[in-house]
Amino acid sequence: ANAPIFGIDAKGRVNEWNNKAVEITGFSRDDVMGQNLVEVYITEEFRASVKKVMDNALLGQEAANFEFPLFTKDKKRVE
């Protein structure tokens with residue numbers, strides 16, 4: 001895939017993390033699996049909006065092309 005792809009379970013824990021996500025963030029699959037995506041990897045100012053989109057997605061409400069920054073392993077912000 002040309003884009004980072006991740007999945008979360010009903011509690012917001014990472015259960016999928018593709019190679020592009022590894023390449024962009026520096027976090028391996030082992031690093032992220034089972035971690036809370038929003039609390040650990042999303043920059044603070046976007047946590048509430050990302051959590052809302054994720055919660056809505058888990059309820060079956062689609063959010064097309066929602067973009068948000070992530071933290072890299074060395075604490076840099078990736079847009």
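**Figure 1. Glu23 and Lys20 pair up within helix α1.** In this predicted model, both residues sit in α1, which covers residues 19-25. They are three residues apart, or about one turn of the helix. An α-helix has 3.6 residues a turn, so side chains three or four places apart point the same way. Here the two side chains meet in a salt bridge, with 3.2 Å from N to O. How exposed is each partner, by relative accessible area? Glu23 is exposed, at 58%, while Lys20 is partly exposed, at 22%. That value for Lys20 is not far past the cut-off, because buried means under 20%.

**Figure 2. Lys51 and Asp55 make a salt bridge along helix α4.** This pair is also about one turn of its helix apart, but here the spacing is four residues. The helix in question is α4, residues 47-58. From N to O, the salt bridge between the two side chains spans 2.8 Å. Both ends are partly exposed: Lys51 has a relative accessible area of 42%, and Asp55 has 34%.

**Figure 3. Lys76 and Asp74 form another of the salt bridges.** For this one, look at the side chains of Lys76 and Asp74, which meet at 3.8 Å, N to O. The salt bridge still counts because the cut-off is 4 Å. Lys76 is exposed, with a relative accessible area of 53%. How many salt bridges turn up when the whole structure is searched? The search finds seven, including the Lys76 and Asp74 pair shown here.

**Figure 4. Helix α4 has a buried side and an exposed side.** Which residues of α4 are buried? They are Val50, Val53 and Met54. These three cover an arc of only 95 degrees around the axis, which puts them on the same side of α4. Turn to the other side of the helix and you find Ala48 and Lys52, both exposed. What covers the buried residues includes the strand β1 (6-8) and the helix α3 (37-41).

**Figure 5. Helix α4 from one end to the other, and the glycine that follows.** The helix has twelve residues. From its first C-alpha to its last, α4 reaches 16 Å, close to the 16 Å expected at 1.5 Å a residue. After the helix comes Gly60, and its phi is positive, near 90 degrees.

**Figure 6. Stepping back to the whole chain, with four helices and four strands.** In sequence order, the pattern reads β-β-α-α-α-α-β-β. So the helices come in the middle of the pattern, with two strands before them and two after. The C-alpha trace spans about 30 × 25 × 25 Å along its principal axes. How does the radius of gyration fit with a compact globule? With 79 residues, such a globule would come out near 12 Å, and the chain agrees because its own value is 12 Å.

**Figure 7. Burial, contacts and surface across the chain.** Of the 79 residues, 29% count as buried; Val50, Val53 and Met54 of α4 are among the buried ones. Take the contacts with a separation of 6 or more: 34% of them join residues 24 or more positions apart. The chain exposes about 5300 Å², and carbon and sulfur atoms supply 49% of that area.

Note on methods: Residues numbered from 1 in each chain as written. Predicted model: local features only at pLDDT ≥ 70, side-chain atom pairs only at ≥ 80, totals over all residues. Heavy atoms only, no water. Buried < 20%, exposed > 50% of the residue type's maximum accessible area, 1.4 Å probe, protein only. Expected span 1.5 Å × (residues − 1). Arc of directions from axis to C-beta. Contact = heavy atoms within 4.5 Å. Rg over C-alpha atoms; globule rule 2.2 N^0.38 Å. Areas by Shrake-Rupley, 256 points an atom, 1.4 Å probe, with all protein chains shown as cover.
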